[in-house]
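Let's walk through this model together, from the ligand outwards to the overall layout. Have the sequence and the 3D view at hand.

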Amino acid sequence: MRVLELFSGLGGWRFALRERGQVLAAYDVNEAANATYALNHGEVPVPRELAHLSLQELAGHGADTWLLSPPCQPFCRMGNHQGLEDRRSRAFLHLMDLFREAPPERLVLENVGGFLGSDAHALLLDRIRAHGLHWLDLQACASHFGLPNMRPRVFVVASRKPLIARPLPQLQPEPLGAFLDAVEDERLYLDAETYARHGFGMDLVRAEERRSTCFIGGYGRRFVGSGPFLKTERGVRRFSPSEVARLLGLPATFRFPEQLSLEVRYKLLGNGLSIPVAAWALDHLT
Ligand SMILES: C[S@@+](CC[C@H](N)C(=O)[O-])C[C@H]1O[C@@H](n2cnc3c(N)ncnc32)[C@H](O)[C@@H]1O
């Protein structure tokens with residue numbers, strides 16, 4: 001596979017891709033995401049607003065596969081459900097125009113459950129059908145892959161070749177304790193006032209548990225509905241960015257540029273892919 005990684009973030013698709021193919025170019029407009037991508041993958045993504053990507057530039061890469069994770073806010077449970085009307089869908093809309101002119105031979109799109117049945121989903125299927133590709137709408141969660149974290153996602157997989165849905169693994173999640181840092185960062189603990197104010201609605205988990213709720217981009221700033229918090233003998237704390245990275249299945253070598261704040265790290269991870277789930281979606285193409 002000769003891959004274009006669109007909305008590349010920290011490069012989750014590239015981690016999942018491994019020997020299945022080669023990324024020819026990645027695109028993302030966010031500076032922190034691109035610095036993280038470059039540190040981990042050794043190549044800097046094109047810092048281009050995808051709504052302005054020209055047909056010549058796209059076709060010039062000679063890619064045959066698009067891997068893309070467009071912004072999910074227009075389709076999120078907690079978002080505005082505006083779909084293609086949301087300004088954050090402009091880049092996706094533009095890519096659907098480019099698809100007509102220079103269609104890929106394979107594509108995998110990742111998003112939240114609300115994408116299925118949306119106007120954006122209908123538009124994508126329209127393009128896929130018009131180009132004569134086969135496709136599958138898949139749903140999977142990291143918790144089926146041995147990870148004690150919920151991350152339900154949908155994948156639209158399209159290919160020139162007929163596709164068969166693969167069974168989901170049913171691996172028992174490991175306890176959260178297996179994903180914790182050897183040495184705790186004390187600054188992650190919440191003060192008594194914060195806990196008194198937000199504790200009631202928070203997802204509190206212990207190290208021996210095998211489940212936790214989904215981390216979202218606002219984990220560094222919000223307490224309720226943004227992900228799990230760890231209850232220890234000492235108090236209640238956030239999971240560290242490296243613990244979140246492990247719960248997403250990122251490799252042990254994954255790191256952030258030193259200068260990135262805690263909030264930015266959580267945001268990039270909250271936007272990210274669960275790597276074993278993305279790899280499972282890619283396996284449909286091989
Ligand atoms: C859901 S995240 C994708 C995360 C990625 N799959 C990963 O593994 O980290 C969406 C990404 O698209 C980028 N993005 C959003 N709108 C964009 C646009 N119009 N042009 C280029 N990049 C955009 C954001 O900066 C963000 O990193």
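The ligand is surrounded by 22 residues, and the closest are F7, G9, G12, N30 and A91. A residue is near the ligand here if its C-beta atom, placed from the backbone, lies within 6 Å of it. By character, this shell divides into 12 nonpolar, eight polar and two charged residues; Ala, Val, Leu, Ile, Met, Phe, Trp, Tyr, Cys and Pro count as nonpolar, Asp, Glu, Lys and Arg as charged, and the others, Gly among them, as polar.

A word on the source: this is a predicted model, in which local features need pLDDT of at least 70 and side-chain atom pairs count only at pLDDT 80 or more, while totals for chains, interfaces and linings use all residues. Residues are numbered from 1 along each chain as its sequence is written.

Next, the start of the chain. Strand β1 (residues 2-6) pairs in the parallel sense with strand β2 (residues 22-27) over five bridges, where pairing requires that DSSP finds at least two bridges. One of the partnerships joins E5 to A26 in β2. Helices (H or I, at least four residues) and strands (E, at least two) are DSSP runs, numbered from the N terminus. Together with helix α1 (residues 12-17), β1 and β2 make a right-handed β-α-β unit: with the strands pointing away from the viewer, the path from the first strand over the helix to the second runs clockwise.

Now zoom out. The domain assignment, automatic or from a database, gives domain 1 (2-167 + 274-283) and domain 2 (176-268). Their centres, taken over C-alpha atoms, are 27 Å apart.
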